[in-house]
Amino acid sequence: MKSAKIILALAATALGTQGSMAALAVGAKAPEFTTRGALAGKTFTVTLSHQLKRGPVVLYFFPKAFTPGCSAEAREFAENIDKFKAAGATVIGMSADPVDDLVAFSTKECAGKFAVASAGPNIVSGYDVALKMRPGMTDRTSYVIAPSGRIAFVHSEMSYAGHVKSTLAAVEAMKQK
């Protein structure tokens with residue numbers, strides 16, 4: 001059983017994914033979107049194509065603001081934000097939460113270090129991140145999107161552990177190319 005898990009992990013790594021398979025495969029075009037988000041408690045409009053002009057984007061979907069795993073994941077991204085910036089990447093957290101909830105989350109859990117934005121039904125559908133067992137919520141999937149707008153890396157697993165480390169490794173690898 002252990003060897004089967006190792007083989008699956010190696011295969012997932014070779015394909016650019018971790019955990020369960022997300023619908024958007026490496027190489028797929030990331031769906032364009034414009035939505036409302038918050039950074040350090042202030043609301044603003046987030047447009048993917050505008051963010052990609054600055055470099056790669058780590059777009060990470062999380063189920064619900066202020067839940068233990070989502071708060072821990074946001075704090076881990078905040079603790080590592082300087083490393084993402086050094087690799088030229090922008091981090092954006094996404095959930096189906098209303099913007100009003102994300103305003104507080106952006107300050108408390110994200111420490112004002114990166115934006116979080118509201119993923120409406122079209123975004124959730126486009127990125128195929130609907131949480132099947134909890135309608136109205138997203139699953140936990142992290143995408144690294146290259147400046148070309150193509151998916152460069154995917155990590156899809158409900159445990160938050162590993163999302164920050166794997167996406168950081170992916171953006172650092174992109175910088176070295």
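**Pocket, sheet and helix packing**

In this predicted model, 14 residues line the largest pocket. Gln51, Arg54, Thr90, Val91 and Ala115 lie nearest its centre. Two or more lining residues come from each of β2 (42-47), α4 (81-86) and β4 (90-95). Strand β4 gives the largest share, three residues. By class, the lining holds nine nonpolar, two polar and three charged residues. The space in the largest pocket is about 200 Å³. Rolling a probe the size of a water molecule over the atoms reveals where space is left empty.

Strands β2 and β4 also belong to an open sheet of seven strands. The order is β2-β1-β5-β4-β3-β6-β7, and the pairing is mixed. Strands β2 and β7 (151-156) form the edges, each pairing on one side only. On average, neighbouring strands are turned by 25° against each other, direction ignored. Within the sheet, β3 (residues 57-61) pairs with β6 (residues 141-145) in the antiparallel sense, over five bridges. Here Leu59 stands opposite Tyr143 in β6. Helix α3 packs on the sheet and touches β3, β4 and β6. The direction of α3 makes about 165° with that of β3.

Helix α3 (residues 68-79) also packs with helix α7 (residues 163-176). Two packed helices are described by the angle between their axes and by the distance between those axes. For α3 and α7, the angle is about 35° and the axes are 9 Å apart. The crossing is right-handed. Glu73, Glu76 and Phe77 in α3 meet His163, Val164 and Thr167 in α7. This contact has two nonpolar, two polar and two charged residues.

Technical notes: Residues are numbered from 1 along each chain as its sequence is written. This is a predicted model: local features need pLDDT of at least 70, side-chain atom pairs count only at pLDDT 80 or more; totals for chains, interfaces and linings use all residues. Side-chain values use heavy atoms; hydrogens and water are left out. On a 1 Å grid over the protein atoms alone, a cavity is a set of points where a 1.4 Å probe fits but cannot get out, and a pocket is an open set with protein on both sides within 12 Å along at least five of seven lines; lining residues have an atom within 4 Å of a point. Grid points are joined across faces, edges and corners, and a volume is the space filled by probe spheres set on the points. Helices (H or I, at least four residues) and strands (E, at least two) are DSSP runs, numbered from the N terminus. Ala, Val, Leu, Ile, Met, Phe, Trp, Tyr, Cys and Pro count as nonpolar, Asp, Glu, Lys and Arg as charged, and the others, Gly among them, as polar. Axes are lines fitted to C-alpha atoms, for helices over the stretch in contact, and angles run from 0 to 180 degrees between N-to-C directions. A crossing is left-handed if the near helix is turned anticlockwise from the far one by less than a right angle, and right-handed if clockwise. Contact means heavy atoms within 4.5 Å. Two strands pair if DSSP finds at least two bridges between them.
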